[in-house]
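Trainee: Got a minute to go through this model with me? I'd like to start inside and work outwards.
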Amino acid sequence: MADASVAVRTPGFESLLRWIAERTGLVFPEHRVGSVRETLERAMSRHGHTDLGSYQAQLDRDSSAFDALVVELTIGETYFFREPGQFAFIAGTILPDLLRQRHGEHALRVWSAACSSGEEAYSLAILFHEEGVGERFRILATDVSQTALARGKAARYRAWSLRGAAASRAEPYLERRGEEYVLADPVRRRVGFEYLNLALDAYPSFANGTWAMDLILCRNVLIYFDGEVIRRVAERLYASLAEGGWLLTAASDPPLEGFAPFEKLVNGDGTFYRRTGEAGAVAEPPARPRANSARP
């Protein structure tokens with residue numbers, strides 16, 4: 001692949017990165033340039049390209065090729081009950097807090113943003129089942145990768161998704177079928193998967209169900225965005241929360257308190273954000289979908 005290796009060292013390489021960034025919000029810091037270049041070389045070779053311009057043209061017209069590249073450029077590192085301390089905090093603090101606030105028949109609205117292949121969203125569904133929430137919750141799982149969303153909808157996993165010590169909590173809800181583990185329907189049907197690009201102004205929106213959320217998990221994705229995109233994402237996630245709702249990010253993600261008026265709580269389990277206000281209040285949904293909500 002010598003020709004492609006030379007090609008990605010030209011100004012066309014920088015142009016392609018800017019083009020990708022405009023469509024995904026991804027940022028490519030200097031320390032990642034080498035690995036990004038190698039990823040592009042592999043992708044170009046797989047599609048039979050030695051010219052960056054022709055490869056970009058294919059990405060522009062072929063959504064599946066673009067989606068595959070996005071998957072390669074981001075680390076889809078996920079497994080059941082990853083960062084178990086955060087799930088313990090949800091069970092011990094966030095869930096009781098929400099149930100105190102939301103009276104009557106209110107169904108908890110939960111969003112797994114950048115859900116990858118769904119292990120995080122299904123872990124939440126299992127946790128709520130264990131905590132006796134019953135039918136009082138609905139989980140939205142979104143991602144920029146159609147490939148990952150398809151895997152989440154299929155709810156069929158390999159042993160790699162169960163590698164964390166805490167992942168054993170998911171085993172009672174999985175049926176072994178050869179090399180795969182198939183999730184039980186009662187858990188599977190509590191999660192809905194939809195495409196959503198966090199870098200675009202597509203939320204909060206009544207149309208895609210991203211308004212008045214009680215709990216949002218947006219973990220291990222903000223690290224791929226630059227400061228301006230992080231600011232806009234933080235503002236939109238804050239606006240997507242109902243009053244008293246919670247937002248969880250990962251330990252590796254940048255702090256958000258400077259971008260939106262979150263109440264921040266830090267403890268041994270991590271950093272947690274809350275939208276303060278009148279307890280139990282639920283925000284009105286936007287009247288129409290936000291602009292730029294279409295898939296690029």
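Trainee: Which residues does Trp 111 touch, leaving out those up to four places away in sequence?

Mentor: This is a predicted model, so keep that in mind. Trp 111 touches Leu 140, Thr 142, Leu 196, Leu 198, Tyr 203 and Thr 210. Also on its list are Met 213, Leu 215, Ile 216, Leu 217, Leu 237 and Ser 240.

Trainee: And which residues have the most contacts inside the largest nonpolar core?

Mentor: Trp 111, Leu 198, Phe 225 and Leu 247. That core has 47 residues.

Trainee: Which element gives the largest share of this core?

Mentor: Helix α10, with 6 residues. Elements that each supply at least two include α2, α3, α4 and α5, plus strands β1, β7 and β8.

Trainee: What about a second core?

Mentor: There is a separate one of 42 residues. Leu 95, Leu 149, Ala 155 and Phe 272 are among them.

Trainee: Back to the helices. At what angle do α2 and α5 cross?

Mentor: Roughly 95°, and their axes come within 12 Å. That makes α2 roughly perpendicular to α5, because angles of 65 to 115 degrees fall in that class.

Trainee: Which residues make the contact?

Mentor: From α2, Trp 19, Ile 20, Arg 23 and Thr 24. From α5, Phe 66, Leu 69, Val 70 and Leu 73. By class, that is 6 nonpolar, 1 polar and 1 charged.

Trainee: Which α5 residues are buried?

Mentor: Ala 65, Phe 66, Asp 67, Leu 69, Val 70 and Leu 73. Their cover includes α2, α3, α4 and α8.

Trainee: New topic. Where is Glu 263 found?

Mentor: In strand β9, residues 263-267.

Trainee: Why does Glu 263 count as partly exposed?

Mentor: Because its relative accessibility is 39%. Buried would need under 20%, and exposed over 50%.

Trainee: What is Glu 263 in contact with, beyond its neighbours within four places in sequence?

Mentor: Phe 272, Tyr 273, Arg 274 and Thr 276. Phe 272 also belongs to that second core. The C-alpha atoms of Glu 263 and Thr 276 are separated by 6.5 Å, with the two residues 13 apart along the chain.

Trainee: Last one, the whole protein. How many helices and strands are there?

Mentor: There are 10 helices and 10 strands. Of the 296 residues, 51% count as buried. Accessible surface comes to about 13,400 Å², and 50% of it belongs to carbon and sulfur atoms. For contacts with a separation of 6 or more, residues 24 or more positions apart account for 79%.

Definitions and conventions
Residues numbered from 1 in each chain as written. Predicted model: local features only at pLDDT ≥ 70, side-chain atom pairs only at ≥ 80, totals over all residues. Heavy atoms only, no water. Axes fitted to C-alpha atoms, helices over the stretch in contact; angles between N-to-C directions. Helix = DSSP H or I, 4+ residues; strand = E, 2+ residues; numbered from the N terminus. Parallel < 35°, antiparallel > 145°, perpendicular 65-115°, else oblique. Contact = heavy atoms within 4.5 Å. Nonpolar A, V, L, I, M, F, W, Y, C, P; charged D, E, K, R; others polar. Buried < 20%, exposed > 50% of the residue type's maximum accessible area, 1.4 Å probe, protein only. Core = buried A, V, L, I, M, F, W, Y, C linked by side-chain atoms within 4.5 Å. Areas by Shrake-Rupley, 256 points an atom, 1.4 Å probe, with all protein chains shown as cover.
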